[in-house]
Amino acid sequence: MNLHTLLSALIVVVLAIVSLPLLNPTYWLTLKSWWWIPSSTSSSSSVIADLVVRNAVIYTSDESLPFADSMAVLNGRILRLGNFSFVQELAGYGTEELDLGGKVVVPGFIDSHVHLIYAGLKMARVELRGVNQKEEFMRKVKEAARNAKEGSWILGGGWNNDLWGGELPLASWIDDITPYNPVWLFRTDGHMGLANSVALKLSGISNLTKDPEGGTIVRTFDGEPTGLLTDSAVKLLLSSIPEDTVNERREALIRASHVALMRGVTTVVDFGRYYPGVSAELSWEDFSDVYQWADASGKMMIRVCLFFPMETWSRLHDLIEKMGRAISQWIYLGGVKAFADGSLGSNSALFYEPYVDKPHNYGLQVTESEILFNMTIASDKSGLQVAIHAIGDRANDLILDTYESVVSTNGMRDRRFRIEHAQHLAPGAADRFGRQGIVASVQPLHLLGDADSAAKKLGTDRAQKECYLFGSLLASNAQLAFGSDWPVVDINPLGGVQTAMKRIPPAWHTAWIPSECLTLNDALKAHTISAARACFLDNDLGSLSPGKLADFVVLSTDSWNDFAAEGSASVEATYVAGVRAYP
């Protein structure tokens with residue numbers, strides 16, 4: 001063995017030994033840390049904190065100091081982190097001290113994909129999420145009809161036909177129990193819904209009605225509508241439903257915000273009530289009628305980053321030019337969103353190969369390629385962030401190609417293009433996310449409901465190779481941002497973290513594609529600092545770092561090792577800007 005080889009081996013061994021403590025929170029808790037001095041203060045010696053958190057295991061999501069045991073907060077921002085002897089210098093008259101008894105603290109969770117007001121509205125409607133029998137589906141609708149005024153609409157949704165074996169519901173299931181009320185019930189993914197015959201008649205939908213571009217009226221063999229409408233066909237019916245009132249939408253925001261705080265979510269990226277076939281105006285109405293009202297009246301409880309329909313890109317550009325991206329500490333103007341395809345559950349996600357159970361169906365391209373490219377290039381040229389929904393493998397490649405062409409045309413800049421969902425990726429696509437710097441905005445909890453249906457719809461081979469490739473995306477250096485798609489599934493970041501770590505669907509005993517499992521550290525970052533970077537909010541949010549907003553969550557566990565092994569914990573308290581917001 002020559003001297004060079006011996007020295008190289010020795011260096012590797014020394015580095016390995018030195019780096020071992022870095023993986024243990026205890027190592028970091030023995031170090032002093034770093035601090036932030038407010039611009040109005042000449043030195044740290046004259047500063048008195050509003051809040052000092054101590055005796056905790058504080059996971060920061062900041063690689064410069066991954067863990068601390070104490071933290072000081074002033075005016076809603078983090079002043080100092082480190083060990084207690086270092087932080088206690090900032091305690092004084094009026095300082096609140098919070099002794100957490102060794103509990104784990106994490107940054108406030110960022111949910112990278114929700115429909116916030118729609119989630120709040122759904123909480124007051126017929127709830128069909130989790131229903132696993134046809135009879136239970138019908139019972140819930142019958143109960144709603146019994147309590148409804150004659151002629152009024154019965155609205156709700158959340159149903160998932162895969163839970164009762166896959167059979168799609170029909171208008172005939174509910175016609176006899178709703179003879180005097182029109183009914184509209186969205187599927188859980190928002191890309192399909194069921195109308196009863198009264199609703200179809202009111203909306204003028206018959207065997208003579210043509211399918212609109214980007215949507216389907218599902219029909220019987222003799223051409224009669226079954227009651228199911230997918231994607232843009234939904235617009236044929238929605239115009240007949242009375243609009244939600246301003247007060248209903250304001251109540252929905254407050255209702256949904258309370259639930260978010262219960263789950264440790266302090267910031268959401270809200271894509272609004274915008275789905276294929278739904279008016280683009282709804283997002284703008286919610287911005288003016290609900291969000292600006294809540295901000296002006298002091299009723300905002302969580303931070304929101306708003307995305308608007310891409311077809312209205314020029315309107316958003318003008319608003320940002322006038323008001324800036326940060327409307328307040330609560331409301332940020334994010335960017336624009338469009339749709340490439342539908343969803344797996346509705347058989348409208350766009351694939352290269354057909355659905356196994358529908359051999360002539362490859363899915364649905366919701367927006368024509370040229371229109372999508374032109375909107376994207378115009379939005380990007382105006383400086384807006386772009387997010388596009390893509391679920392099937394062909395849809396994801398289509399958007400990767402589109403983004404590549406836009407960059408080639410408009411030139412290089414920090415744009416952080418997003419693909420929402422990125423559920424099914426063809427070979428090589430995960431690497432492209434990394435090479436092109438694309439944000440993969442994904443929802444771990446979706447995989448729990450898709451595991452069985454993916455095999456049925458795509459076949460075992462495709463289901464085991466191209467679904468929810470979180471590990472592959474991270475390995476390609478893609479930016480991974482976690483969300484829920486609430487109300488498609490419940491808002492539950494801790495559940496999402498555990499799912500990303502374990503990937504074990506209900507009734508399964510082993511992981512679905514175990515090579516794609518993440519570590520706790522990677523999963524937490526995807527719901528915190530990576531999620532903040534994915535929407536340009538990482539200067540203020542996403543990590544517990546000096547100068548950033550003091551949004552944090554106290555967890556039930558006092559063992560980081562147990563948490564890292566099992567990913568199991570619950571929310572004990574949520575703080576926004578250093579003030580307890582839950583419970």
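**Figure 1. Surroundings of L458 in the predicted model.** Apart from neighbours within four places in sequence, L458 is in contact with L344, F351, V356, H424, E466 and C467. The coordinates shown here and in the following views belong to a predicted model. L458 lies in helix α15. With a relative accessibility of 2%, L458 counts as buried, because residues under 20% are placed in that class. Q423 stands 35 residues from L458 along the chain, and the C-alpha atoms of the two residues are separated by 13 Å.

**Figure 2. Helix α15 and the helices it packs against.** Helix α15 comprises residues 446–458 and has a kink of about 40°, centred on D452. Its buried residues are H446, L447, D450, A451, S453, A454, K457 and L458. In an α-helix, residues three or four places apart point the same way, because there are 3.6 residues a turn. The buried residues of α15 pack against three helices, namely α16 (460–463), α17 (470–475) and α18 (493–502). After α15 comes G459, which has a positive phi near 90°.

**Figure 3. The open sheet of 8 strands.** The strands follow the order β8-β15-β16-β17-β18-β19-β20-β21, and their pairing is parallel. The edges are occupied by β8 (109–114) and β21 (479–482); each has a single partner strand, so one side of each is left without a neighbour in the sheet. On average, and with direction ignored, neighbouring strands of this sheet are turned by 25° against each other. At the β8 edge, 4 bridges join β8 to strand β15 (residues 265–270), and the two run parallel. I110 has T267 in β15 as its bridge partner. Helix α10 packs on the sheet, where it touches β15, β16 and β17, and its direction makes about 160° with that of β16.

**Figure 4. Strand β17 between its two partners.** Strand β17 spans residues 331–339 and is mostly covered, with 9 of its 9 residues buried. Strand β16 (residues 303–309) runs parallel to β17 and is joined to it by 6 bridges. Within this pairing, F308 stands opposite V336 of β17. Strand β18 (residues 385–390) also pairs with β17 in the parallel sense, over 5 bridges. Here F339 faces H389 of β18 as its opposite residue. The chain passes from β17 through helix α12 (residues 369–381) to β18, in a β-α-β crossover that is right-handed. A right-handed β-α-β unit is likewise made by β16, helix α11 (residues 313–323) and β17. In a regular strand, side chains alternate between the two faces of the sheet.

**Figure 5. Packing of helices α10 and α11.** Helix α10 (residues 281–296) packs with α11 at an angle of about 30°, and the two axes are 12 Å apart. Angles under 35 degrees count as roughly parallel, and α10 is therefore roughly parallel to α11. On the α10 side, the contact is made by E281, W284, F287 and Q292; on the α11 side, by R315, L316, L319 and M323.

**Figure 6. The open sheet of 6 strands.** This sheet has the strand order β3-β2-β7-β22-β23-β24, with mixed pairing. Strands β3 (67–68) and β24 (579–582) stand at its edges; each has a single partner strand, so one side of each lacks a neighbour in the sheet. Within the sheet, strand β22 (residues 552–555) and strand β23 (residues 571–576) form an antiparallel pair over 4 bridges. L555 has V571 in β23 as its bridge partner.

**Figure 7. Strand β1 and its pairings with β4 and β6.** Strand β1 (residues 51–54) pairs in the antiparallel sense with strand β4 (residues 70–74), over 3 bridges. The bridge partner of V53 in β4 is M71. With strand β6 (residues 96–99), by contrast, β1 pairs in the parallel sense, over 4 bridges. In that pairing, V52 has E97 of β6 as its bridge partner. Strands of a sheet pair through backbone hydrogen bonds, either parallel or antiparallel.

How values were computed:
Residues numbered from 1 in each chain as written. Predicted model: local features only at pLDDT ≥ 70, side-chain atom pairs only at ≥ 80, totals over all residues. Heavy atoms only, no water. Buried < 20%, exposed > 50% of the residue type's maximum accessible area, 1.4 Å probe, protein only. Pairing = 2+ DSSP bridges. Right-handed = clockwise from strand over helix to strand, strands pointing away. Bend = angle between axes of the 7 residues up to and from the residue. Contact = heavy atoms within 4.5 Å. Axes fitted to C-alpha atoms, helices over the stretch in contact; angles between N-to-C directions. Parallel < 35°, antiparallel > 145°, perpendicular 65-115°, else oblique.
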